[in-house]
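The following paragraphs are intended to be read beside the sequence and the coordinates. Please have both at hand before proceeding.

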Amino acid sequence: MKRHIVGLAALLLAGMAGSASAQTMSYAEAGALIAKSCGPSIERFCAKVNIGTGQVQQCLTQHKDQVPAQCFSDFVAAQASLSKRNAAQDSAFNVCNAEIRQFCPGVKPGDARILDCLLASSKVVRGACKQVIVDAGWQ
């Protein structure tokens, strides 16, 4: 049943991935957090709800008075963290453009070679570029 809950939490979060601190959560970490905080409530109130359709979130909201507030706050935190991670991944190469030109001249784009170069240069990459690499979950 725990596998079901973790999978359910991952599906809940995956459905929200399109919507945006120091370090962000991976999908696995976010799913584990939601499973821990919301799992018992999902089992109790929403066990028969179809997953992957957003109905579990609706079900939990319908039982809001009986679901621990921590479930909702962890859900919001996980959603925000995943959004931040996705935004960082989308903007990383623009944010790091100067560092790419400085530390990775001649590196041919593709197959994550530029990312590998930035990670190899991580001791000298600073500021916004370093932060976006961390926020993207690459370091």
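What percentage of the 139 residues in the protein chain do buried residues make up? In this predicted model, the buried residues account for 38% of the 139 residues. The surface that the protein chain exposes comes to about 8,100 Å², and 55% of that area is supplied by carbon and sulfur atoms. As to secondary structure, the chain has seven helices and zero strands, and its pattern along the sequence reads α-α-α-α-α-α-α.

A suitable place to begin is the packing of two helices. Helix α2, which spans residues 27–45, packs with α4 at an angle of about 170°, and the axes are 9 Å apart. An angle over 145° counts as roughly antiparallel, and α2 and α4 are therefore described as roughly antiparallel to each other. On the α2 side, the residues that take part are Tyr27, Ala30, Leu33, Ile34, Ser37 and Cys38. Their partners in α4 are Gln70, Cys71, Asp74, Phe75, Ala78, Leu82 and Asn86.

The next element to consider is helix α7, which covers residues 127–135. Which residues of α7 are buried? They are Cys129, Val132, Ile133, Val134 and Asp135. These buried residues pack against α4, against α5 (97–103) and against α6 (113–120). Another relation between α7 and α4 involves Cys129 and Asn94: their C-alpha atoms are 9.0 Å apart in space, while the two residues are 35 residues apart in sequence. Asn94 is located in helix α4. Unlike the buried Cys129, Asn94 is exposed, with a relative accessible area of 65%. After α7 comes Gly137, which has a positive phi near 85°.

The segment after α7 also contributes to an aromatic contact. How many aromatic pairs does a search of the whole structure find? The search finds one. The pair consists of Phe93 and Trp138, whose ring centres are 6.3 Å apart and whose planes meet at 45°, so the pair is classed as tilted. It links distant parts of the chain, since Phe93 belongs to helix α4 (residues 69–95) and Trp138 to the segment after α7, with their positions 45 residues apart. Are the two partners buried or exposed? Phe93 is partly exposed, its relative accessible area being 37%. Trp138 is likewise partly exposed, at 26% relative accessibility.

A further side-chain arrangement involves a charge and a ring. The charged end of Lys64 sits over the ring of Phe72, at 5.8 Å from the ring centre.

Finally, attention may turn to backbone geometry in the loop between α5 and α6. Most residues other than glycine have a negative phi. Against that background, Asp111 has a positive phi of about 55° although it is not a glycine. Ala112, also a residue other than glycine, has a positive phi near 65°. Where do these residues lie? Asp111 lies in the loop between α5 and α6, and Ala112 is placed in that loop as well. Their accessibilities fall into separate classes: Asp111 is exposed, with a relative accessible area of 68%, whereas Ala112 is partly exposed, with 41%.

Notes:
Residues are numbered from 1 along each chain as its sequence is written. This is a predicted model: local features need pLDDT of at least 70, side-chain atom pairs count only at pLDDT 80 or more; totals for chains, interfaces and linings use all residues. Side-chain values use heavy atoms; hydrogens and water are left out. Rings of Phe, Tyr and Trp (its six-membered ring) pair if their centres lie within 6.5 Å; planes under 30 degrees apart count as stacked, over 60 as edge-to-face and the rest as tilted. Helices (H or I, at least four residues) and strands (E, at least two) are DSSP runs, numbered from the N terminus. Buried means under 20% relative accessible area, exposed over 50%, partly exposed in between (1.4 Å probe, protein chains only). A charge sits over a ring if NZ of Lys or CZ of Arg is within 6 Å of the ring centre and within 35 degrees of the ring normal. Accessible areas come from the Shrake-Rupley method with a 1.4 Å probe; for residues, only the protein chains shown count as cover. Axes are lines fitted to C-alpha atoms, for helices over the stretch in contact, and angles run from 0 to 180 degrees between N-to-C directions. Angles under 35 degrees count as roughly parallel, over 145 as roughly antiparallel, 65 to 115 as roughly perpendicular and the rest as oblique. Contact means heavy atoms within 4.5 Å.
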